[in-house]
Amino acid sequence: MLMTRTPVRIPLGGGGTDLPFYARERGGFLITAAIDKYIYIIVNKHFEKNFRICYSKREIVETANEVKHPVVREAMKLLGLKGGVEIVSLSDVPSNSGLGTSSSFTVGMINAISTYQKISMTKHELAEMAVKIERELLKESGGVQDQYIAAYGGICTLEMPIGSKDVIVSPLRVSHATVKTLEKNLLFFSTSVNRDSWKIQKEIEATHKSNPSQSEIFSSFDRIKDIGLRTKDALMQDQTDDFGRLLNEHWEFKKKLSSQISSSFIDKVYGAALKAGALGGKLMGAGGGGYFMFYCRDKNAGKLKDKMRAMGLGSMPFKFDFQGTSLVACDANSAELAPE
């Protein structure tokens with residue numbers, strides 16, 4: 001038996017510039033971070049020759065082709081998993097929360113099955129295979145942020161060069177003091193609104209496809225990328241309050257990209273948070289619901305929490321994760337996780 005643990009993520013700047021139509025034309029840049037909320041994948045040798053798979057549903061099948069869960073099915077096929085195996089997934093946070101849980105699930109599944117199969121894979125290869133499954137085989141809309149930060153962990157910049165499918169992952173050089181300040185001043189609240197991020201991404205991509213030569217949508221993402229680059233400078237220079245203000249700038253601009261990103265309820269929550277002392281914030285992921293992240297100085301944190309609680313939003317404590325996907329349990333008959 002073995003178990004992998006894979007973190008979910010929070011976007012800190014430049015989110016969306018990893019969408020293929022933009023990144024290949026203008027080059028993508030973003031800052032993202034892994035946090036200590038995890039997807040766990042257990043793979044266990046089963047006494048029967050079939051597959052038993054348990055997630056939000058339960059499947060018992062004879063072959064990989066019969067598996068209904070698309071990610072599990074494609075990972076099993078790519079990695080040549082044979083029968084007599086039980087696979088179970090667990091999660092610290094709900095799906096459709098804006099924290100990248102689906103891609104963390106994919107990375108963790110690949111890590112678990114490849115380890116069980118004694119196939120050595122680097123973190124970069126794990127992320128690449130996750131992108132292959134989600135974007136190429138399953139044709140799901142989206143970028144590459146979630147897969148790479150789930151694999152690597154930490155606080156990283158991702159760069160996507162013009163005209164290339166390559167992703168350059170670099171740890172962001174921030175001080176220990178800045179890390180602690182962010183962990184103290186970033187506050188998360190659940191809106192309890194589930195949303196499908198692919199619908200928002202589809203709308204953005206459809207706008208581009210309807211008139212590929214238009215400059216408006218490229219200009220929008222150029223500005224988001226610029227905010228990401230300024231966010232990088234602010235964090236490297238320990239200017240965390242400036243980072244908070246950039247979150248506000250990003251959110252106000254991002255709302256204009258799609259009619260599905262915000263709503264009257266979300267706007268009401270955001271306005272109340274600013275009045276309670278937050279310098280800025282945004283919904284995680286594509287928007288539409290899920291978790292709100294606000295930057296709020298410690299002296300105003302209590303007031304902000306009280307206000308959000310009164311509006312029905314529960315808080316979620318966090319710390320950064322610097323391991324990325326990892327093997328956390330493994331019996332003597334299983335392979336060791338491959339080094340980077």
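Let's start at glycine 302, which sits in helix H11, residues 298–310. Keep in mind that we are looking at a predicted model. So is this glycine buried or exposed? Glycine 302 is partly exposed, because its relative accessible area is 40%, and partly exposed covers the range between the 20% limit for buried and the 50% limit for exposed. If you want a landmark for it, try glycine 277: the two are 25 residues apart in sequence, and their C-alpha atoms are 9.8 Å apart in space.

Now come with me to strand S8, residues 186–190. Here the picture is one of burial: five of its five residues are buried, so the strand is largely enclosed by the rest of the structure. You can check this face by face. On one side you have Leu186, Phe188 and Ser190, on the other Leu187 and Phe189, and all of them are buried.

Which strands does S8 pair with? One is S10, residues 291–296, which runs antiparallel to S8 and is joined to it over five bridges. If you'd like to find that pairing on the screen, look for phenylalanine 189, whose bridge partner in S10 is phenylalanine 292. Another is S11, residues 314–316, also antiparallel to S8, with three bridges between them. There, serine 190 of S8 stands opposite glycine 314.

Leu186 comes back when we turn to the nonpolar interior. The largest nonpolar core has 69 residues, and Leu186 is one of the four that touch the most other members, along with Ile10, Met76 and Ile87. Strand S2, residues 28–45, gives this core its largest share, nine residues. Apart from that core lies another one, of 28 residues, including Phe218, Trp251, Ala272 and Met308.

Let me stay with isoleucine 87 for a moment. What does it contact, once we leave aside neighbours within four places in sequence? The list runs Ile41, Ile42, Val43, Arg52, Ile53, Cys54, Val72, Met76, Leu81, Met109 and Ile113. Met76, you'll remember, was also among the residues touching the most other core members.

To finish, let's zoom out to the whole protein. How many helices and strands are there? There are eleven helices and twelve strands. Of the 340 residues, 56% are buried. Taking contacts with a separation of 6 or more, 75% link residues that are 24 or more positions apart. And on the outside, the protein exposes about 14,800 Å², with carbon and sulfur atoms supplying 49% of that. Thanks, everyone!

How values were computed
Residues numbered from 1 in each chain as written. Predicted model: local features only at pLDDT ≥ 70, side-chain atom pairs only at ≥ 80, totals over all residues. Heavy atoms only, no water. Helix = DSSP H or I, 4+ residues; strand = E, 2+ residues; numbered from the N terminus. Buried < 20%, exposed > 50% of the residue type's maximum accessible area, 1.4 Å probe, protein only. Pairing = 2+ DSSP bridges. Contact = heavy atoms within 4.5 Å. Areas by Shrake-Rupley, 256 points an atom, 1.4 Å probe, with all protein chains shown as cover. Core = buried A, V, L, I, M, F, W, Y, C linked by side-chain atoms within 4.5 Å.
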